[in-house]
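User: I am new to this structure and would like to learn how to read it. Could you walk me through its features one by one?

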Amino acid sequence: MSVEIIQGLLIPFLGTSLGAACVFFMKEQLNPLVQRGLLGFAAGIMVAASVWSLLIPSMEQAVDSWGDVLSCIPAVTGFWAGILFLLLLDYLIPHQHLNSDESEGMKCKAAKSTMMVLAVVLHNIPEGMAVGVLYASWYNGAADITLGAAIALSVGIAIQNFPEGAIISMPLRAEGLSKTRAFVYGVLSGVVEPVGAALTIIFASIIIPVLPFLLSFAAGAMLYVVVEEIIPEMSEGEHSNIGTIMFAVGFSLMMVLDTTLG
């Protein structure tokens with residue numbers, strides 16, 4: 001695995017860690033309006049990344065093997081596989097979302113703090129896969145994937161991971177955890193990203209023809225997270241338009257990153 005890939009995989013993890021470190025500098029829990037705005041921003045980046053960095057390259061890569069007319073088949077197949085995979089994880093992994101007193105997934109007696117971390121881990125799985133499959137495409141010589149495009153996705157995910165790290169560490173602190181433990185839990189929630197990305201790269205390098213399917217698989221998984229969990233959370237209560245505006249900001253930023261760097 002090259003130095004460029006290792007650095008690229010660590011960029012999103014750095015974003016989560018820096019966000020989790022906010023617990024040392026902020027005295028109070030995040031304002032609900034700020035929290036909605038950050039969630040909307042993260043959702044915008046994830047949706048833009050799913051379209052510009054994953055689904056479109058998936059169809060472009062499939063043209064050589066499937067032809068122009070059928071190039072959408074790997075994209076649609078992988079997309080639905082990603083949706084169903086996250087649906088299964090959502091059902092199996094015990095987790096609890098912010099501002100909720102009820103857990104989801106399989107029954108578990110774990111502490112609320114642990115359940116909240118698992119919820120963020122569930123978010124981070126498709127993000128790690130997305131970064132991994134894009135670097136795998138570049139490393140294996142996919143003509144339409146440049147190193148700049150892979151870096152753009154890493155940077156975009158890192159930017160949206162920063163508020164995500166704060167959103168997990170600050171409520172954990174409010175739940176009574178020490179600042180250090182809240183920070184460690186926030187950091188641990190992001191470990192799954194470089195691990196998942198590395199595993200995706202290894203798998204994709206062994207079976208190169210599945211790259212178009214993996215790209216759209218990651219897109220489907222990320223969009224499941226956005227529609228099922230992030231958008232409902234950003235729309236709770238009054239002034240939900242804050243989340244919508246920040247969604248547009250995040251989408252625009254990721255689109256610009258992908259266009260300029262890719």
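User: In what order do the elements run from the N terminus on?

Analyst: Helices (H or I, at least four residues) and strands (E, at least two) are DSSP runs, numbered from the N terminus. Here the order is α-α-α-α-α-α-α-α, so the protein has 8 helices and 0 strands. This is a predicted model, in which local features need pLDDT of at least 70 and side-chain atom pairs count only at pLDDT 80 or more, while totals for chains, interfaces and linings use all residues. Residues are numbered from 1 along each chain as its sequence is written, and side-chain values use heavy atoms, with hydrogens and water left out.

User: What is the mean pLDDT of the protein, and which elements have the lowest and the highest?

Analyst: pLDDT is the predictor's confidence in each residue, from 0 to 100. The mean for the protein is 82, and 89% of its residues reach 70 or more. Among the elements, α3 has the highest mean, 89, and α4 the lowest, 81.

User: How do I read burial, and what share of the residues is buried?

Analyst: Buried means under 20% relative accessible area, exposed means over 50%, and partly exposed is in between (1.4 Å probe, protein chains only). Of the 262 residues in the protein, 51% are buried.

User: Which residues have the most contacts inside the largest nonpolar core?

Analyst: In soluble globular proteins, nonpolar side chains tend to be buried together. A nonpolar core is a set of buried Ala, Val, Leu, Ile, Met, Phe, Trp, Tyr and Cys residues joined through side-chain atoms within 4.5 Å. The largest one here has 48 residues, and Leu9, Leu54, Leu86, Leu134, Tyr135, Leu153 and Met222 have the most contacts inside it. Two or more residues come from each of α1 (3–20), α2 (32–70), α3 (72–92), α4 (112–139), α5 (147–174), α6 and α7 (211–234). The element that gives the most is α7, with 14 residues. Another core, of 10 residues, lies apart from it, and includes Val23, Met116, Val117 and Val121.

User: Let us take one of those core residues. Is Tyr135 buried or exposed, and what is it in contact with?

Analyst: Tyr135 lies in helix α4 and counts as buried, at 1% relative accessibility. Contact means heavy atoms within 4.5 Å. Leaving aside neighbours within four places in sequence, Tyr135 is in contact with Glu4, Ile5, Gly8, Leu9, Leu147, Ala150, Ile151, Ser154 and Ile201. One of these partners, Ala150, is in helix α5 and is buried as well, with a relative accessible area of 1%. The C-alpha atoms of Ala150 and Tyr135 are 5.6 Å apart in space, although the two are 15 residues apart in sequence.

User: What share of the contacts joins residues 24 or more positions apart?

Analyst: Among contacts in the protein with a separation of 6 or more, such pairs account for 80%. For a long step along the chain, look at Phe251 in helix α8 (residues 241–261). Phe251 and Met46 are 205 residues apart along the chain, and their C-alpha atoms are separated by 7.7 Å. Not counting residues up to four places away in sequence, Phe251 touches Gly44, Ile45, Val47, Ala48 and Trp52. Phe251 is partly exposed, with a relative accessible area of 24%.

User: Where are Ser50 and Ser58 found, and are they buried or exposed?

Analyst: Ser50 lies in helix α2, and Ser58 is found in helix α2 too. Ser50 counts as buried at 0% relative accessibility, and Ser58 is buried with a relative accessible area of 0%. Leaving aside neighbours within four places in sequence, Ser50 is in contact with Leu55, Ala219, Met222 and Leu223. On that same basis, Ser58 is in contact with Pro74, Ala75, Pro212, Leu215 and Ser216.

User: Finally, how do I read the surface, and which residues form a nonpolar patch on it?

Analyst: Accessible areas come from the Shrake-Rupley method with a 1.4 Å probe; for residues, only the protein chains shown count as cover. The accessible surface of the protein comes to about 11700 Å², of which 70% belongs to carbon and sulfur atoms. Patches are made of residues with over 30% relative accessible area and no salt bridge (a side-chain nitrogen of Lys or Arg within 4 Å of a carboxyl oxygen of Asp or Glu). Like charges are joined within 9 Å, and nonpolar side chains (Val, Leu, Ile, Met, Phe, Trp, Tyr) within 5 Å. Here Val184, Leu188, Val191, Val195, Leu199, Ile202 and Ile206 form a nonpolar patch with about 630 Å² of accessible area together. Leu188 has its place in helix α6 (residues 179–206).
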